[in-house]
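Visitor: I would like a close look at one part of this model. Please take the ligand site and what lies around it.

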Amino acid sequence: MGLEEKLPEGILTTQLETLVNWSRENSTWPLLFGLACCAIEMIATGSARHDISRYGSELFRASPRQADLMIVSGRVSNKMAPVIKRLHDQMSEPKWVIAMGICASAGGPFNNYAIVQGVDKLIPVDVYVPGCPPRPESLLYALDRLRAKQGKETFRTYVDFKAPPLSKQPDEISSLESLRRPQLA
Amino acid sequence: MLNVSPRTRAYETLPGLNPLGIPAVAPLPSGESPDTARIVERFGTALLAAGLHNGQQVVYVAPGQLVALAEFVRQDPQLCYEALIDVSAVDRSELPVSDQRFHTVYQLRSYARKQHLTVVCPLADSGRPSVPSLAGVFAGATWPEREVWDLMGIRFTGHPDPRRILMPESWPNHPLQKQVPVGGEEVPFTLTWSDPEFESFGKQVLAAESKPPVLPPGMNRENMIINMGPHHPSTHGVLRLVVELDGETVVNVDPDLGYLHSGFEKTGENKRYKDFVYYTDRMDYLSAMSNNMGYCLTVEKLLGIAVPARGQVLRVLMAELQRLASHLFWLSTHVLDVSGTGMALLMYATRERERILDLFEMACGARLTVGYMRVGGVSRDLPPAFLGHLDAFLRAMAERIDDYERMLTNGPLWEERLRGVGHISREQAINLGLTGPMLRGSGVDWDLRRDAPYGGYEQYDFKVPVFSEGDSYARYLLRMEEMRQSLRIIRQAVDRLPDGPFRVEDRKITPPPRAELDISMEALIHHFKLMTEGFQAPPGMVYHGIESSKGELGFFVYSDGSAKPYRLHVRGPSFNNLFAISNMSKGAMLSDIVTNIGSIDIVLGEVDR
Ligand code: SF4
């Protein structure tokens with residue numbers, strides 16, 4: 001358009017989508033949440049040698065409300081499954097999931113009664129990382145892949161949730177499940 | 001393309017596999033020891049059998065006499081078995097025996113006399129198998145008995161808290177019973193949409209619906225009840241604690257376990273002996289080497305083989321490096337939880353830990369889940385550059401430990417948060433069945449490496465630090481001192497590293513070297529037999545405990561003579577140690593719970609197994 005030539009120095013032009021995606025790519029905050037052996041490698045990724053903060057992801061948030069990324073780092077047991085689903089539900093959109101390690105991806109060595117054969121049976125997964133455990137470098141590569149994916153997102157993919165606010169007295173709550181907002185189509 | 005699924009190629013039923021050499025009734029003891037003689041003298045014919053089995057003292061007793069026996073061996077001055085280390089059970093319904101389907105097995109320990117006693121209690125057959133609870137005699141029986149009820153379905157009459165512990169309360173079966181399948185899904189080699197196998201996919205998943213919260217017994221709704229975990233920044237994994245608070249004072253703590261229950265024991269019963277080594281890595285994933293060692297030693301005890309000297313020294317070397325790595329990780333997370341300077345120490349301690357992981361990687365190719373040891377030795381020899389790197393690390397590490405201590409030991413914040421917090425008296429520690437630093441921090445001078453030496457530890461010169469204060473600060477000092485002692489042991493191991501084979505040359509147990517496969521038909525056959533069938537272990541039962549970084553890691557193997565363990569039970573040190581959390585936290589502040597969790601040093605992979 002030739003607009004750039006008329007602008008004074010120090011002003012950038014870009015598309016809003018690109019700007020938003022750019023900032024998301026560079027500040028994907030993971031949920032502070034480790035399951036099993038893979039979590040130890042996740043911590044190693046966060047510490048000095050591998051330095052996950054090069055990707056802007058060093059801020060592991062303890063509250064799902066503040067996190068964008070869930071790194072499912074380890075095996076998911078049947079008892080843990082509802083908790084993971086709940087945590088994922090509590091994260092606000094847009095959110096991403098990395099299944100770290102073969103256990104989270106497909107059950108891995110634990111093909112038995114106790115372990116869910118892949119966390120993708122519970123929540124949608126964006127990036128699968130092979131390995132048992134994946135090396136920190138693999139996790140960083142997964143983050144890289146995730147950035148590529150985030151870069152392609154458009155506003156149209158976001159869903160608009162307009163559910164009425166819930167107000168219930170504590171003794172009206174039959175189960176935690178009943179607190180869940182009705183999902184709008 | 002190979003399109004064979006395990007369903008059509010029934011691997012496990014190839015003829016010739018698992019010939020049965022099953023003991024007629026049970027692994028019965030013979031001979032006698034002074035202790036069993038004393039027990040026989042007191043109980044006479046009320047005992048079913050007593051004596052030695054695989055070098056261990058074993059007593060068989062009927063359920064009616066069990067509590068009397070426990071009280072006697074505990075109080076008798078000639079015996080004084082003060083602590084109950086472990087409770088497990090065997091479901092014998094797949095053995096060719098017709099009665100007494102369940103046996104419960106107890107491991108007792110006398111710290112004063114350095115003795116170990118196994119008590120087996122065959123239960124009368126009935127729809128609801130039950131046995132008197134020992135929780136009244138040894139408080140440490142409470143959780144292990146709950147675990148047996150949960151996984152094996154044996155009721156403990158008179159148990160103070162008869163809930164399930166690992167599986168959800170609504171779980172339909174008791175998974176370790178033999179008629180319950182391992183579960184899981186078929187693993188197809190290739191898959192097309194028309195495959196019938198596709199249908200079974202996803203069947204295993206339970207509806208991810210949460211249940212209404214249940215108030216644990218003994219808690220009062222008048223007080224504030226809060227929930228910590230299973231996703232909580234300071235619970236070290238997926239531990240859930242239900243805490244009853246009066247203001248900020250803790251009235252009651254109820255740990256809820258099982259969020260990482262992975263069915264290790266059931267899996268182990270379906271794997272050949274040699275294949276389970278890799279699973280042990282994933283149990284206490286911070287001390288994979290120690291787990292390897294504990295398991296291999298147990299199977300070797302059953303097989304009755306001795307590892308060559310080089311293999312033994314390599315094992316000790318690796319196990320001590322692993323203890324260092326584990327303590328470093330404990331230190332960094334503990335500091336992170338407790339004090340504000342945490343992030344710095346996390347970075348420092350992981351810096352050193354990474355160097356240890358590099359060493360592991362040099363030795364075996366993996367950082368965390370090493371699988372370095374094998375039944376009969378270790379998987380491979382050290383690469384040439386290893387010892388040079390190790391030496392550089394050892395020299396740096398001694399100073400680093402001092403650095404950490406300088407940052408913490410006299411820090412007012414650190415002392416404030418740790419001193420007097422999580423106190424456990426000597427009697428409590430023994431009665432609760434605690435082990436490792438939890439025991440030594442309360443003044444019990446006991447270390448399996450010194451008092452029941454295994455793997456050649458008797459040849460090393462090291463001190464066992466003991467503190468009598470019993471608080472978190474004492475346990476902190478103790479672990480720091482243990483790191484220094486580990487360094488000493490490693491140096492001695494390097495100095496004495498002998499030449500020679502690093503694993504037994506018995507081709508029935510360890511595979512031939514790769515080079516031999518190209519030239520020797522015999523080697524090829526041995527290799528094939530070993531890889532497809534594994535080796536068989538003689539019938540019998542063994543328990544072997546080692547001192548891992550968190551306490552006594554015990555493996556109990558009940559063999560029917562086949563290539564797989566008939567029953568494999570793991571005594572995870574952090575499982576038993578975590579039981580102390582309610583004792584430690586009652587009456588303390590809410591924030592002290594965080595200190596206590598760190599001070600116990602739990603790894604959920606091992607707590608839940
Ligand atoms: S993938 Fe391997 S390392 Fe990761 S949780 Fe599973 S068993 Fe542990």
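Visitor: How many residues surround the ligand, and which are the closest?

Guide: A word on conventions comes first. This is a predicted model, with residues numbered from 1 along each chain as its sequence is written, and with chains lettered from A and ligands numbered from 1 in the order in which they are written. Local features need pLDDT of at least 70, side-chain atom pairs count only at pLDDT 80 or more, and totals for chains, interfaces and linings use all residues, while side-chain values use heavy atoms and leave out hydrogens and water.

Now the site. The ligand has 13 residues around it, counted as near if a heavy atom lies within 4 Å. A:C37, A:C38, A:G74, A:C103 and A:C132 are the closest. Two elements of chain A, α3 (37-46) and α5 (101-106), give two or more residues each to this shell. Helices are DSSP runs of H or I with at least four residues, strands are E runs of at least two, and both are numbered from the N terminus. α5(A) gives the most, three residues. By type, the shell holds eight nonpolar, three polar and two charged residues. Here Ala, Val, Leu, Ile, Met, Phe, Trp, Tyr, Cys and Pro count as nonpolar, Asp, Glu, Lys and Arg as charged, and the others, Gly among them, as polar.

The ligand's space is the largest cavity. A cavity is a set of points on a 1 Å grid over the protein atoms alone where a 1.4 Å probe fits but cannot get out. A molecule sits in one if more than half of its atoms lie within 2 Å of its grid points.

One of the closest residues, A:C132, leads into a cis peptide bond. That bond runs from A:C132 to A:P133, with omega near -10°. A:P133 is in the loop between β3 (127-129) and α6 (136-151) of chain A.

The ligand also lies between chains A and B. Their contact (heavy atoms within 4.5 Å) takes 48 residues from chain A and 51 from chain B. Together the chains bury about 4,300 Å², 62% of it on carbon and sulfur atoms. Buried area is the accessible area (1.4 Å probe) lost on putting two parts together, summed over both. A:I40, A:K79 and A:Y113 supply 20% of what chain A buries against chain B, more than any other three residues.

Five salt bridges cross this interface. Each is a side-chain nitrogen of Lys or Arg within 4 Å of a carboxyl oxygen of Asp or Glu. B:R367 and A:E41 form a salt bridge, at 2.7 Å, N to O.

Technical notes
1 Å grid on protein atoms, 1.4 Å probe; cavity = no way out; pocket = protein on both sides within 12 Å on 5 of 7 lines; lining within 4 Å.
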